[in-house]
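The following exercises concern the aromatic residues, the nonpolar cores and the overall fold of a protein chain. Each task is followed by a solution in steps.

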Amino acid sequence: SWSYYRALSLLRAAASSPWAAAEALRFQAGGAPEAPSETSPQEEEQAALDDLHDRADPPGDAPPVPSEPAPANLTGRLFELAAQALALAEGDLDTKFAALLAELKLLLRDGFQPIVFCRYLKTASYLEERLRASLPDTAVAAVTGAEPPEDRVRKAEAMARHDRRVL
């Protein structure tokens, strides 16, 4: 059915970051993701489900995410929710980011060089932008699977030259 797997996908994206939530909501409403070169949360969800089906002994029968569009009565609401999610990214409204920032500042103060892992590409981009603005004396870079391997290696090597860094 449309609702269960799409709701699960939306919840995962919303728990990740405002940018991932907004992209997932727009995608579910029938709008194209903001950056077509990136994998949408739904495509990532489908890939994970495909992986389960490809295993010799999958841990359950997980049907794929349905491909039918959102019901017409939900489309407008999904776009409204996407706008609300983006509003969370502004200022100090994103309490999850605020908690991450506080923890990173403590780790950096104690001489650590933290690595933050993200499920969604949009979350990695969101955190990179917000952390660069919030930690001006720290090198910040997002390295994702969307980049060619040689670019990922180059970014990681460039980051290694900084004493204060968040990857």
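**Exercise 1: Aromatic residues**

W19, F97 and Y126 form one aromatic cluster. The model is a predicted one.

Task: Classify the geometry of the pair F97 and Y126, and locate both residues in the chain.

Solution.
1. A pair of aromatic rings is described by the centre distance and the angle of the planes.
2. For F97 and Y126, the centres are 6.2 Å apart and the planes meet at 70 degrees.
3. Ring centres within 6.5 Å count as a pair, and planes over 60 degrees apart count as edge-to-face. The pair F97 and Y126 is therefore edge-to-face.
4. F97 belongs to helix α5 (residues 95-109) and Y126 to helix α6 (residues 121-134); with their positions 29 residues apart, the pair links distant parts of the chain.
5. F97 and Y126 are both buried.
6. R130 lies over the face of F97, 4.2 Å from the ring centre.

**Exercise 2: Nonpolar cores**

Task: Determine which helix gives the most residues to the largest nonpolar core.

Solution.
1. The largest nonpolar core has 13 residues, of which L10, A13, L25 and L78 touch the most other members.
2. At least two residues of this core come from each of α1 (2-16), α2 (18-28) and α4 (72-88).
3. The largest contribution is that of α2, with five residues.
4. Another core, of 11 residues, lies apart from it and includes A89, L131, V140 and V166.

**Exercise 3: Overall fold**

Task: State the order of helices and strands along the protein chain.

Solution.
1. The protein chain has seven helices and two strands.
2. Along the sequence, their pattern is α-α-α-α-α-α-β-α-β.

Conventions:
Residues are numbered from 1 along each chain as its sequence is written. This is a predicted model: local features need pLDDT of at least 70, side-chain atom pairs count only at pLDDT 80 or more; totals for chains, interfaces and linings use all residues. Side-chain values use heavy atoms; hydrogens and water are left out. Helices (H or I, at least four residues) and strands (E, at least two) are DSSP runs, numbered from the N terminus. A nonpolar core is a set of buried Ala, Val, Leu, Ile, Met, Phe, Trp, Tyr and Cys residues joined through side-chain atoms within 4.5 Å. Buried means under 20% relative accessible area, exposed over 50%, partly exposed in between (1.4 Å probe, protein chains only). Rings of Phe, Tyr and Trp (its six-membered ring) pair if their centres lie within 6.5 Å; planes under 30 degrees apart count as stacked, over 60 as edge-to-face and the rest as tilted. A charge sits over a ring if NZ of Lys or CZ of Arg is within 6 Å of the ring centre and within 35 degrees of the ring normal.
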